[in-house]
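The report below looks at charge pairs, pockets and a surface patch in one protein structure. Please keep the sequence and the structure in view while reading.

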Amino acid sequence: MSSLQPKTPPLKVSTGWVELEALEEPTVIVTFKGYAPVLKVRVRQTGLDYLMYLSAKSIAEGLEPLRAKNAGHFAELCFRIRKQSEDQFAPYEIQPLGR
């Protein structure tokens, strides 16, 4: 189990843009549903750190081109994210940001 789980709260994304910086490579934590991939991120507006769950397909589709341009790494990626609507299953939108 990752040491991040008890210390770092999960990121809650809504329809407003949130600017993030990935702090390290993804890790896996244990949840009530089993293992879950997470990425430790820092919210640029507040400087606070969170865990961002990576299991949604739309998150993978949005992050994968950015990771590929970053030599295959997540660490130091800067991007913004939001949900397309308030619907629980709405896809996420991801856009790159400069450092």
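Which residue forms a salt bridge with Glu-93, and how far apart are the closest N and O atoms? The partner is Arg-82, and in this predicted model the closest N and O atoms of the pair are 2.5 Å apart. Because Glu-93 lies in strand 6 (residues 92-96) and Arg-82 in strand 5 (residues 78-83), the pair ties together parts that are 11 residues apart in sequence. Glu-93 is partly exposed, at 23% relative accessibility, and Arg-82 is also partly exposed, at 27%.

**Salt bridges**

The whole structure holds 4 salt bridges, among them the pairs tabulated here.

| Pair | Closest N and O atoms |
|---|---|
| Glu-93 and Arg-82 | 2.5 Å |
| Arg-42 and Asp-49 | 2.7 Å |
| Lys-57 and Glu-61 | 3.7 Å |

In the bridge between Arg-42 and Asp-49, Arg-42 is partly exposed with a relative accessible area of 32%, and Asp-49 is likewise partly exposed, with a value of 23%. The bridge between Lys-57 and Glu-61 has its setting in a helix: the two residues are 4 residues apart in helix 1 (residues 57-69), which means that about one helical turn separates them. Lys-57 counts as exposed because its relative accessibility is 63%, where the cut-off for exposed is over 50%.

**Pockets**

The largest pocket encloses about 400 Å³ of space, and of the 15 residues that line it, Leu-11, Lys-12, Val-13, Tyr-53 and Tyr-92 lie nearest its centre. Strand 4 (residues 49-53) supplies the largest share of this lining, namely 3 residues. By character, the lining of the largest pocket divides into 11 nonpolar, 2 polar and 2 charged residues.

The second largest pocket has a volume of about 170 Å³, and its lining is made up of Thr-31, Phe-32, Lys-33, Tyr-35, Ala-36, Tyr-53 and Ser-55. These lining residues divide into 4 nonpolar, 2 polar and 1 charged. Tyr-53 takes part in the lining of both pockets.

**A nonpolar surface patch**

Tyr-35, which lines the second largest pocket, also belongs to a nonpolar surface patch of about 310 Å² that it makes together with Val-28 and Val-30. Val-30 has its place in strand 2 (residues 27-31), and at 33% relative accessibility Val-30 counts as partly exposed.

Notes: Residues numbered from 1 in each chain as written. Predicted model: local features only at pLDDT ≥ 70, side-chain atom pairs only at ≥ 80, totals over all residues. Heavy atoms only, no water. Patch = residues over 30% accessible without salt bridge, like charges linked within 9 Å, V, L, I, M, F, W, Y side chains within 5 Å. Areas by Shrake-Rupley, 256 points an atom, 1.4 Å probe, with all protein chains shown as cover. Salt bridge = Lys/Arg side-chain N within 4 Å of Asp/Glu carboxyl O. Buried < 20%, exposed > 50% of the residue type's maximum accessible area, 1.4 Å probe, protein only. 1 Å grid on protein atoms, 1.4 Å probe; cavity = no way out; pocket = protein on both sides within 12 Å on 5 of 7 lines; lining within 4 Å. Points joined across faces, edges and corners; volume = space filled by probe spheres on them. Nonpolar A, V, L, I, M, F, W, Y, C, P; charged D, E, K, R; others polar.
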